[in-house]
Amino acid sequence: MRTITCISLVVLLAACVGGCLTTGQIKLHDSFGDGVTHNGDIYTYHVDLNTNSDYVDNKDKILSIDAISIVAVIKNNLQTDLQAEIYISENKELETVEEITDPKNATLVFVSPTVPGNGQLDISWADGFAHIVDEQAIIDQIIGDTADGMFTVYAIGNTTNFDFAYKAEVVVLLTVEL
Amino acid sequence: MRIYALAALIVLLTATTAGAVVDISIGAFGGMDIPTANDLATSGPLYGIQGKVGFTQFIAVGVFYRASSYGDVEETFFEGEPEEHTATIPGGDGTSFGADVYLGRISGMPGANFYLYGSIGSYKWTRDNLADVSELAYGMGLGVEVVLPFKLGIEGRGVFQVAPTENDGSLKSFIWFIGANYHFGLGN
């Protein structure tokens with residue numbers, strides 16, 4: 001009786017959790033650009049996650065994307081305060097602010113805090129979460145039926161004239177099959 | 001359905017032996033909570049309290065509360081560049097409470113008492129800047145309690161805890177602790 005009860009408890013517990021034991025939580029980060037952008041020459045950066053070993057090793061095993069953040073260093077080269085904006089798009093040929101800010105062409109995913117004129121702003125991993133404005137747009141580039149891990153990042157300012165240097169990395173927290 | 005089945009097993013075990021309480025004990029414990037297959041937290045201390053009711057010398061049921069403080073994870077950004085820096089990703093805190101069942105020598109008799117352990121309860125993982133994760137959790141493990149003549153038991157236990165999440169994943173930990181229990185020793 002005791003043996004049967006012990007075995008029954010073990011089997012029941014195993015049945016309750018079986019199927020989800022071979023999963024884990026990982027993080028990956030990749031560059032989101034490193035350059036100078038101004039309204040006369042907008043900086044673009046082509047992301048290819050297929051060059052990221054963490055992504056390549058896990059892209060077919062991703063169960064969910066749990067959180068996204070951006071770590072960045074932004075240096076404003078003009079006297080006017082600005083907010084840096086990052087757009088992503090499948091289209092790598094956008095050239096003007098009007099084309100980039102058109103929702104049919106690109107999606108705004110990140111808006112920085114105010115970067116003071118002639119100043120620098122460092123955005124930490126912890127702060128970056130709060131400045132992601134469209135997490136789903138980034139997720140759609142990573143997983144899903146049409147996701148191929150390749151897209152273009154455009155960096156512009158929210159002022160008529162902008163000139164800033166930025167360096168950014170995207171941090172993605174994932175649940176994957178092991 | 002699985003949850004109800006397990007709860008029913010616990011109730012059934014309790015109902016079949018109702019009226020045959022041989023021991024009641026309460027205690028506290030401390031140990032380590034070691035996240036497994038998780039890059040977002042490292043091991044940290046664990047503390048808790050528990051109570052057990054023993055029916056016959058073979059079956060006991062109880063309740064527990066555990067609190068863990070996970071270790072942080074470090075991540076380096078802009079590696080190899082002038083802006084290179086290492087940031088800390090907080091591991092956060094875990095809390096769990098629920099019901100458990102013990103099978104084995106669990107009646108508080110003096111000497112070494114070995115048992116098989118199972119639990120069901122609520123688990124919550126909280127971290128700065130991230131949404132809380134709150135799920136049902138299951139545990140399974142082994143333990144031994146050495147009960148001394150003056151009704152004090154020293155207990156050690158190892159538990160593997162799994163909290164399935166909505167995305168077909170799970171949060172897993174290996175927990176170990178050592179604790180002390182006072183046995184009221186009814187009917188011994």
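**View 1. A buried lysine, B:Lys52, and its salt-bridge partner.** In this predicted model, B:Lys52 is buried, with just 4% relative accessible area. The side chain of B:Lys52 meets that of B:Glu155 in a salt bridge, at 3.1 Å from N to O. The pair ties together distant parts of the chain: B:Lys52 sits in strand β2 (residues 44-55) of chain B and B:Glu155 in strand β9 of chain B, 103 residues apart. B:Glu155 is buried too, with a relative accessible area of 2%. Both values are under the 20% cut-off, so these two residues count as buried.

**View 2. A salt bridge across two chains.** Here B:Glu81 forms a salt bridge with A:Lys167, and the closest N and O atoms are 2.5 Å apart. B:Glu81 comes from the loop between β4 (73-77) and β5 (85-89) of chain B, while A:Lys167 belongs to strand β8 (residues 163-177) of chain A, so the pair joins two chains. How buried or exposed are the two partners, B:Glu81 and A:Lys167? B:Glu81 is partly exposed at 31% relative accessible area, whereas A:Lys167 counts as buried at 9%.

**View 3. The salt bridge between B:Lys124 and B:Asp132, and a shared network.** The side chains of B:Lys124 and B:Asp132 pair up in a salt bridge with an N to O distance of 3.9 Å. Why does this pair count as a salt bridge? The cut-off is 4 Å between the nitrogen and the carboxyl oxygen, so 3.9 Å makes it. B:Lys124 is partly exposed, with a relative accessible area of 34%, and B:Asp132 is partly exposed as well, at 44%. Elsewhere, salt bridges with shared partners join A:Asp34, A:Lys167, B:Glu81 and B:Glu83 into one network. Over all chains, the structure holds 9 salt bridges.

**View 4. A nonpolar patch on the surface.** Which residues make up this nonpolar surface patch of about 640 Å²? The list is A:Leu21, B:Ile34, B:Val146, B:Ile154, B:Phe160, B:Phe174, B:Trp176 and B:Ile178. Two elements of chain B, β9 (152-164) and β10 (170-183), give two or more residues each. The top contributor is β10(B), with 3 residues. Zoom in on B:Phe160 and you're looking at strand β9 of chain B. B:Phe160 counts as partly exposed, at 34% relative accessibility. Patch members need over 30%, so B:Phe160 clears that bar.

**View 5. A patch of negative charge on chain A.** Four glutamates, A:Glu93, A:Glu95, A:Glu98 and A:Glu99, gather in a negatively charged patch on the surface. Pick out A:Glu95 and you'll find it in the loop between β4 (82-89) and α3 (97-101) of chain A. A:Glu95 is exposed, with a relative accessible area of 61%. That value is over the 50% cut-off, so A:Glu95 counts as exposed and not partly exposed.

**View 6. Chain B, for context.** Chain B has 1 helix and 10 strands. Reading along the sequence gives the pattern α-β-β-β-β-β-β-β-β-β-β. Of the 188 residues in chain B, 51% are buried; B:Lys52 is one of the buried residues. Take the contacts in chain B between residues at least 6 apart in sequence: 61% of them join residues at least 24 apart. The accessible surface of chain B is about 8300 Å², and carbon and sulfur atoms account for 65% of it.

How values were computed
Residues numbered from 1 in each chain as written. Chains lettered and ligands numbered in written order. Predicted model: local features only at pLDDT ≥ 70, side-chain atom pairs only at ≥ 80, totals over all residues. Heavy atoms only, no water. Patch = residues over 30% accessible without salt bridge, like charges linked within 9 Å, V, L, I, M, F, W, Y side chains within 5 Å. Areas by Shrake-Rupley, 256 points an atom, 1.4 Å probe, with all protein chains shown as cover. Lys, Arg positive; Asp, Glu negative; His and termini not counted. Charge placed at Lys NZ, Arg CZ, Asp CG, Glu CD. Helix = DSSP H or I, 4+ residues; strand = E, 2+ residues; numbered from the N terminus. Buried < 20%, exposed > 50% of the residue type's maximum accessible area, 1.4 Å probe, protein only. Contact = heavy atoms within 4.5 Å.
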